[in-house]
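Visitor: Mind walking me through this one? I'd like the details a modeller would check by eye.

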Amino acid sequence: MGTRRYVVSKIVQAFLTFVAILVFNFFLFRVWSPGDPISFLTRGQGANITPEERQALIEEYGLDESTMGQFLEYMKDTFQGNLGASSFYQGEPVMDVFLRFLPATLLLVGVATLFSMIIGLWMGIRSGWRRGSMFDRTSMVGSLILYSMPEFWLGMLLLLLFSTTLGWFPVGGRISTNASELSTWEYILDVANHLFLPALTLTLAYIGEYYLVMRSSLLDVLGEDYITTARAKGVRERDVLNKHAVRNGLLPTVTLIALSIGYVIGGAITVEVVFSYQGLGLLTYTAIVAKDYWLLQGLFLFFTGAVIVFNLAADFVYAYLDPRVREA
Amino acid sequence: MRRMVRVLALSLATAMLAAGVFVVQAAAQDESPAEDEKVTFTVGMVNDAITFNPMFMIETPEYATADLVYDTFLTWAQDDMSTAPNLAESWEQSEDGLTWTFDIREGITWHDGTPFTANDIAFTFNWIIDEGVGAYIDYLPFTDEIVATDDTTLVWTTTTPTSAPLYPPYIYIVPEHIFSGYADKADARKWKGFPDAVGTGPFELVEWRRGDFWRLEANPDYWGGAPVVDEFVFRVFQNEETMVQALQQGEIDFADEVPPSLFQSMEGDPNITLNEGRATTFIQMSFNQCTDEVDYCRDIGWNHHPATTDPQFRLAVEHAIDRQVLVDRIKLGYGTPGTTVILDPRWHHDPPNVVTHDPEEARRILEEAGYVDSDGDGVRETPGTGEPLELRFIVRTENPDTITAGEFISEWLRDVGIVTQTEALNDSKLTDTWYSNDWDMYIWGWGVEPDPNFQLSSYTTGQCGTWSDTCYSNPAYDELFSQSQSVETVEEREAAVAELQQMLYDDRPEIVLWYETYLQAYRSDRWTGFVQQPSEQGSILFQYGHYSDINITPISADGGSGAGSEDSGGIPAIVWIGLVGAVVVIGGVMLLRRRREDEDEA
């Protein structure tokens, strides 16, 4: 039926996008960009490597094969779930490296997204409902400032205030160096202490986006006829807002939220650098500098995969919330 | 009225929750410092470590860590960096100069309890030679055979008389009983140096939270004396600014390789002592010297502006450069204008004929050599070919100092009629370009070892395509270098080393721009006992040998920063409680207000 066809066609689309990206990634890193991982491994004249050793390394990493041969190998391995070995981490499996960096990013980004979403949407609703009020004007200016402020700059300001001046939070890192001696409770507190400033930075930076989308979408909805109708038939103002306006106004934000979660998993490179917080963003940066094809392929596979999956999820949620979509 | 009660109840609950949290937290904090007074010394590092396997390390923190875990065969003396006994106690050279016999220290055990013997040294050296370990193989030149004749005797025979075994080879000795388990180099590479790092050094690597920190525990049985501290922790930062802030906050005790501007910013901090150590690094500007005479250049092919191989041109360039300005503007004075390529005072040679900054002289030399601007466009032309003096100039994106230096130098060169096309490349791209011999000039740097042998070897013809910056080829230099390796007395060697430096200075395949001062900073309110190496203007940590490592002492009994996070732990606990409280109160108030609205509207 309609619904099933909708679901299947969306999934097929997502899969095709995924394959296209898989192919694109290969050429992007190996063919279209300069440099190679071997040059990086032998960098700084420091590895003192003879041409023979260099050749041996090239063979070790399978880079002596033709581009087509490498491509087929890559596609085969990827579909078998084998992401290969990282050159930067001297042969460690990409999956292991990835899993080591993943939890930190999920925690940071998850906390920041959750809070920015709650605060941003709440502010957006309130602002849109009382358009032109003091609250609307101040929060509009405030969120525009936060939205346009570079994350690393905001992070540094917070760091200066809360760490350097007040000394409330550690200057950086993910855990204290005595983490292994802490009790569970102390450990949680320690992680929270380290998480606070980077998460606050990201929360503040993300709020603006949610706020602006929610506000404008609510304003659109408030101009609709059914709102007027609702008011005309004497529905309480609070119910007009909560049951009529917000429900419809949330629709565009569902897509936004799903998409931003997808992107956000890529981590926040600049914030991670400012707070020396080792997550996927930093890992990506390292992989690019090191020209680590295998790590880059794995990371981008994950990032694009995340965007596709959340996009798909958005489509389904949207369809669930708004039956008109299914029928279209 | 009911509402008032509800608000009150809610506030009370919040307060109780907060108090409870605080009490638990306070109790937890009370017990931890009291029960074990572990003394921890924490160091900040800007690079992460990838492997602690002594055979495959690349990054500074990896070497800094291996230095604590492993020992070298011989070492450098603390006061003057001369060769000093370490695992080998004494040595003698045979009459014919071909055989060196070393007495190896007795009674040393590996961290796992296995006795250490001369066999471990022989094994390590032979493994490096057999497997061709790039980082170390040049320390073992002319080797015919290295054998342990018994547990305390190592015999090293060479194919030509040499004092190379005394240089000292900067090689970490690994345990035979573990390393012999690896089939080959590729198999050994899989071990990342952790867990099961077994060395003979003053510390054992016990914990590695990759990307965050790693921890070493003192080896109380260290043959050179037990370290004063119980633990040595390395913490990774992503940038120098945070590292320096952490030092000022007391989260770490020591910051290494501090950039000049941050170093300056700590002046006047009563808790921090700054140390300006003697330079071990220089920044140089290299000229492509490839000709068909050199094998690698001929085989690979080469392409450079004809002027780079003209000595008069290079002399003119050197006259055009104002090194003092580079030091003052780029390093904020934390450096010295460079001359020769050997930095250690014991071997450094001061050339009597220092080339001064003199643009007028540069112009005169260029005129005389036939580089004349005949078409009046402000750029001189090469005699004969008429090719304009327009050269490609590469600087490094990884080192912003070189980019700034490149800007200054380009300006000065333009002033004397030479045009540069400057390009910033990352190191891997630059390495490719350098391998392909297709460049004119670049700026890069060298970290120079205390012993001059390795550095001087890199300028020999045979090093083109391996270590040579420029593919400089001078048969007289090659000859003198190989003589210098086989001289028998120290005086002879000193004379040869000085002459080699003078040759390089006069031929200038590269111009040494400046020497970088080694900037370190530590919390002097907590720590003492650092020893400088060398005694005058030396570095105070990460030395050749364990001079500071085992002597660092906390000033008060409860010193040490491992506690750093605990120090500041009290305030965040309150902040957390405050935050949780605020959230609860706000949530409660909103809930109440909403109820009230409902009631009002109903």
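Guide: Start with W100(B), whose bridge partner in β7(B) is W156(B). One caveat up front: the model is predicted, so local features need pLDDT of at least 70 and side-chain atom pairs count only at pLDDT 80 or more, while totals for chains, interfaces and linings use all residues. Residues are numbered from 1 along each chain as its sequence is written, with chains lettered from A and ligands numbered from 1 in the order in which they are written.

Visitor: How many bridges join β5(B) to β7(B)?

Guide: Strands here are DSSP runs (E, at least two residues; helices are H or I, at least four), numbered from the N terminus. Two strands pair if DSSP finds at least two bridges between them. β5(B) and β7(B), the latter spanning residues 153-158, run antiparallel, and D103(B) stands opposite T153(B). The number of bridges joining them is five.

Visitor: Which residues make up the covered face of β5(B)?

Guide: A residue is buried if 20 or more other C-beta atoms lie within 10 Å of its own, exposed if 12 or fewer, and partly exposed in between, with C-beta atoms placed from the backbone. In β5(B), residues 99-104, the uncovered face holds T99(B), T101(B) and D103(B). The covered face is W100(B), F102(B) and I104(B).

Visitor: And in β7(B), which side chains point to the buried face?

Guide: Side chains alternate along this strand too. T153(B), V155(B) and T157(B) point to the face that is not buried. The buried ones are L154(B), W156(B) and T158(B).

Visitor: Which residue in the turn between β4(B) and β5(B) has a positive phi?

Guide: β4(B), residues 88-93, pairs with β5(B) in the antiparallel sense over five bridges, and E92(B) has T101(B) as its bridge partner. The two strands form a hairpin with five residues between them. In that turn, phi is about 80° at G97(B).

Visitor: How many residues link the hairpin of β6(B) and β7(B)?

Guide: β6(B), residues 143-150, is antiparallel to β7(B) over six bridges. One bridge pair there is T143(B) with T158(B). The hairpin runs through a link of two residues.

Visitor: Why does C471(B) count as buried?

Guide: C471(B) sits in the loop between α14 and α15 of chain B, and has a positive phi of about 60° although it is not a glycine. It counts as buried because of its C-beta neighbours inside 10 Å, and they number 26.

Visitor: What is omega for the peptide bond from F194(B) to P195(B)?

Guide: P195(B) lies in the loop between α5 and β8 of chain B. The bond is cis, with omega near -5°.

Visitor: Is Q80(A) buried or exposed?

Guide: Q80(A) is in the loop between α4 and α5 of chain A. Because 8 other C-beta atoms lie within 10 Å, Q80(A) is exposed.

Visitor: Which two residues touch the most other members of the largest nonpolar core?

Guide: Such a core is a set of buried Ala, Val, Leu, Ile, Met, Phe, Trp, Tyr and Cys residues joined through C-beta atoms within 7 Å. This one has 203 residues, and its largest share, 15 residues, comes from helix α8 of chain A. The two that touch the most other members are I121(B) and F282(B).
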